[in-house]
Amino acid sequence: MFCAPGYPGGAGDAQPLLDQFASVALAGSGWPAGSLAAVYDPTEQGGLAKLSSADAVLAFVPYPFYVEHASELHLAPLVQADMTDIGVQQRWTLVAKAGRVTSPASMAGYTVLSTAGYAPDFVRRSALERWALPADVKVESTGQILSALRRAASGEAVAVLLDQTQAAALPTLPFASDLQVLTQSPPLPVALIAVVDSRVTAARARNLQQGLIKMAQTAGSTEALTALHLRGFVMPQLPPQKPAQ
Amino acid sequence: MRPLCCAVAALAVAACTVPLRPAPGVQAAPPEPNSPPASVEALAAAVQTAAARSDHESRAEVRGDLAAEASRDAEACLAREPQAAACLYSRAVALGLEARVHPTRAADLLKTMLDSLARAAAADAYYDEAGPARVQALVLIRAPGWPLGPGDTEAGLAAAQRAVALRPDYPPNLLALAEACAKTGDENAARDNYTRARDAALRMPAGADREEWLNQADQGLHRSP
């Protein structure tokens, strides 16, 4: 089950690439033919619904989704994604109107907008763990990052939490000088594959893990990885989860 | 992240390509076998026919052939009249078909498509019932947004408003405006424009186009809160 809330795309368009990926992953894992299929849902609620189904055994999700739902879905990390142009980790960047925010406390009454806004625990406890947001700050999800940045630049009480790709592109915006970087997260995982609710036996999970980690060196796998903007997979190294406030 | 969805859904940039229809009055006369159409009008019609066929084609291989065919015809059109709105618009249509076939290249293709549409609008903003502005709107509101793609909902709304200002009674323009309003969160305006699109469609002659416009308007109204 692939799920990436806040990012563009529909299940139908993604399916051929997911089929290709599942086929290669299956071949590398030694699992029986036909025992693994992949589906994609671009929404958090759709993803949660599919992952609650008994036949959903693996979740390929962004790290914010993992932080938000690992506990309720009983997700056990299997491998960490190594993304093309990013790597295995990325920093998140909080930006706001230049000169307007001087400290976390001065963000009282603000709204933080982000593609990861569907995961407020991730935003507060992981991405902004060193920037303690006041209690009244709202965290909201948006797929319209450009609009959010325009709102911030125009002086609305809005800050925008950018992923690494978005932050890297910030200087290209004509109004970039109206914005100010407030803080950056420590390096955090980008995405991972996790076993759902122990629905895969330990032996099978181990075989799949080994197959996925070797995938980048496996003949015929490159196309399947490249199509998903992946370089390959590594063993998971996740930061310790902090308890909810 | 150049996310899971660029890992998973940059995958899906094809969703930003746009249903396109033959320009009214342009008949898609079948060319003679193995002979290229002779005129700009015939080449533009051939591109639109390929687009219409692609809309209803599920086989990737056939869609690839149609995209290649449309691309050849659009280039032939531009070779004859580089500044003609029909040719620039056709090139944009062909690029949209290419984006659908090659989703991993879609972001770049769609940027070039928007450039062609802007040039088509400068040549003749009224072409295909304000088609350049309408298609610009649909690409801008459906394409992945910054920085993954050229999507920009505010710019899309402005383009849809331009299309409606140019041809206020053409149902697809009102449907595009309704979709843009919904995407920017203005549900009341979206509902109003879906209703206007429905009313405008009812004033059109009966046919497959009218049925499709009515269907789209009804679906939009059904989605409205």
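How far apart do the C-alpha centres of domain 1 of chain A and domain 2 of chain A lie? In this predicted model, they sit 29 Å from each other.

**View 1. The two domains of chain A and where they touch.** The domain assignment splits chain A into domain 1 (2-87 + 190-234) and domain 2 (92-184). Across the boundary, 10 residues of domain 1 of chain A are in contact with 11 residues of domain 2 of chain A. Which helix gives the largest share of the domain 1 side? That's helix α3 (residues 63-73) of chain A, which supplies 4 residues to the side touching domain 2.

**View 2. The largest nonpolar core.** Zoom in here and you're looking at a set of 80 residues, the largest nonpolar core of the model. The residues with the most contacts inside this core are A59(A), A152(A), A159(A) and V160(A). Both domains of chain A chip in: domain 1 (2-87 + 190-234) and domain 2 (92-184) each give at least three residues to this core. As a bit of background, nonpolar side chains in soluble globular proteins tend to be buried together.

**View 3. Who surrounds V160(A).** Skip the neighbours within four places in sequence, and V160(A) is in contact with V95(A), L113(A), S114(A), I145(A), A148(A), L149(A) and A152(A). One of those partners, A152(A), is also listed with V160(A) among the residues that have the most contacts inside the largest nonpolar core.

**View 4. Chain B, helix after helix.** Chain B has 9 helices and 0 strands, so to speak a straight run of α-α-α-α-α-α-α-α-α along the sequence. Of the 225 residues in chain B, 57% are buried. Take the chain B contacts with a separation of 6 or more, and 60% of them join residues 24 or more positions apart.

**View 5. Helices α5 and α6 of chain B, close up.** Helix α5 (residues 127-142) and helix α6 (residues 153-166) of chain B have axes that come within 8 Å and cross at roughly 155°. Why call α5(B) and α6(B) roughly antiparallel? The crossing angle of roughly 155° is over the 145 degrees that counts as roughly antiparallel, and therefore the label fits α5(B) and α6(B). Their crossing is left-handed. On the α5(B) side, the residues that meet α6(B) include A130(B), A133(B), R134(B), A137(B) and L140(B). Facing them from α6(B) are, among others, G156(B), A159(B), A160(B), R162(B) and A163(B).

Key. Residues numbered from 1 in each chain as written. Chains lettered and ligands numbered in written order. Predicted model: local features only at pLDDT ≥ 70, side-chain atom pairs only at ≥ 80, totals over all residues. Core = buried A, V, L, I, M, F, W, Y, C linked by C-beta atoms within 7 Å. Buried ≥ 20, exposed ≤ 12 C-beta atoms within 10 Å, placed from the backbone. Domains from an automatic or database assignment. Contact = placed C-beta atoms within 7 Å. Axes fitted to C-alpha atoms, helices over the stretch in contact; angles between N-to-C directions. Parallel < 35°, antiparallel > 145°, perpendicular 65-115°, else oblique. Left-handed = near helix turned anticlockwise from the far one by under 90°.
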